[in-house]
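Visitor: Please take me through one part of this protein in close detail. I would like to see the charged pairs and how they sit beside the nonpolar interior.

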Amino acid sequence: MGGINNSAPGLRLLRPPTVIGQFHTLFFGSVRMFFLGVLGFAVYGNEALYFSCDPDKRELNLFCYNQFRPITPQVFWALQLVTVLVPGAVFHLYAACKNIDQEEILQRPIYTVFYIISVLLRIIFEVIAFWLQSHLFGFQVHSLYMCDASALEKTFNVTKCMVPEHFEKTIFLSAMYTFTVITVVLCVAEIFELLCRRSGYLTSH
């Protein structure tokens, strides 16, 4: 029985000290991962296979696709998700090592500051990812892509390439931008909730 009691505080450490943080971690984070893992593969999984240019030659298709996609969207969004999760994971690892519970985060200023810093880092990473995404993928996927293939062969020059399922990709792209914006809003709200709860805790004590 004693072993069970000792493990209970460790389970509570996985929960953020705010309601908004718990919602973001348990619900929104799961939805975002599901959306990316399942629907992202369905929309982008065979993009390179059906990306075709005129003339339809394998080397030209590969060259232009690499120009069209310097990095595949699935890889970019997976890296974004991992990067955003890192600050929170580091804080919870620190809290586990120091045996810090939710009340201590509200009680001790140093823990409150550490937690706020982890949330601010999440915001910064999301803003950077939003900026990179806008430069890499834009806000709309067009059905035609004009590829400069002169480096591959002089006779190709600028060629037209067909982008498969461009409308679905535009919808998915908009959804990923929306996820980023919602995450930033939730992080800002979480900081305000944490500060309000800390002020209420100090007032009541």
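Guide: What follows is a look at the salt bridges, then at the nonpolar cores.

This is a predicted model, in which local features need pLDDT of at least 70, side-chain atom pairs count only at pLDDT 80 or more, and totals for chains, interfaces and linings use all residues. Residues are numbered from 1 along each chain as its sequence is written, and side-chain values use heavy atoms, with hydrogens and water left out.

Start with the charges. The whole structure holds five salt bridges (a side-chain nitrogen of Lys or Arg within 4 Å of a carboxyl oxygen of Asp or Glu). One of them joins Arg-69 to Glu-47, with the closest N and O atoms 2.9 Å apart. Arg-69 sits in the loop between H4 and H5, and Glu-47 in helix H3 (residues 47-50), so this pair ties together parts 22 residues apart in sequence. Helices here are DSSP runs (H or I, at least four residues), as are strands (E, at least two), numbered from the N terminus.

Arg-69 counts as buried, at 5% relative accessibility. Buried means under 20% relative accessible area, exposed over 50%, and partly exposed in between (1.4 Å probe, protein chains only). Glu-47 is buried too, at 1%.

Glu-47 also pairs with Lys-169, where the closest N and O atoms are 4.0 Å apart. That pair links distant parts of the chain, helix H3 and helix H8, 122 residues apart. Lys-169 is buried, at 0% relative accessible area. Salt bridges link Glu-47, Arg-69, Glu-165 and Lys-169 in a network.

Another salt bridge runs from Glu-190 to Arg-122, closest N and O atoms 3.4 Å apart. Glu-190 is in helix H8 and Arg-122 in helix H7, so the pair ties together parts 68 residues apart in sequence. Both residues are buried.

Now the nonpolar side. The largest nonpolar core has 29 residues (buried Ala, Val, Leu, Ile, Met, Phe, Trp, Tyr and Cys joined through side-chain atoms within 4.5 Å). Those with the most contacts inside it include Phe-51, Cys-64 and Tyr-145. Among the elements giving two or more residues are helix H4 (58-68), strand S2 (144-148) and helix H8 (166-204). H8 supplies the largest share, seven residues.

Take Tyr-145. Leaving aside neighbours within four places in sequence, Tyr-145 is in contact (heavy atoms within 4.5 Å) with residues including Phe-51, Cys-64, Phe-68, Cys-161 and Val-163. Apart from this core lies another, of 14 residues, among them Phe-91, Ala-95, Tyr-115 and Ile-191.
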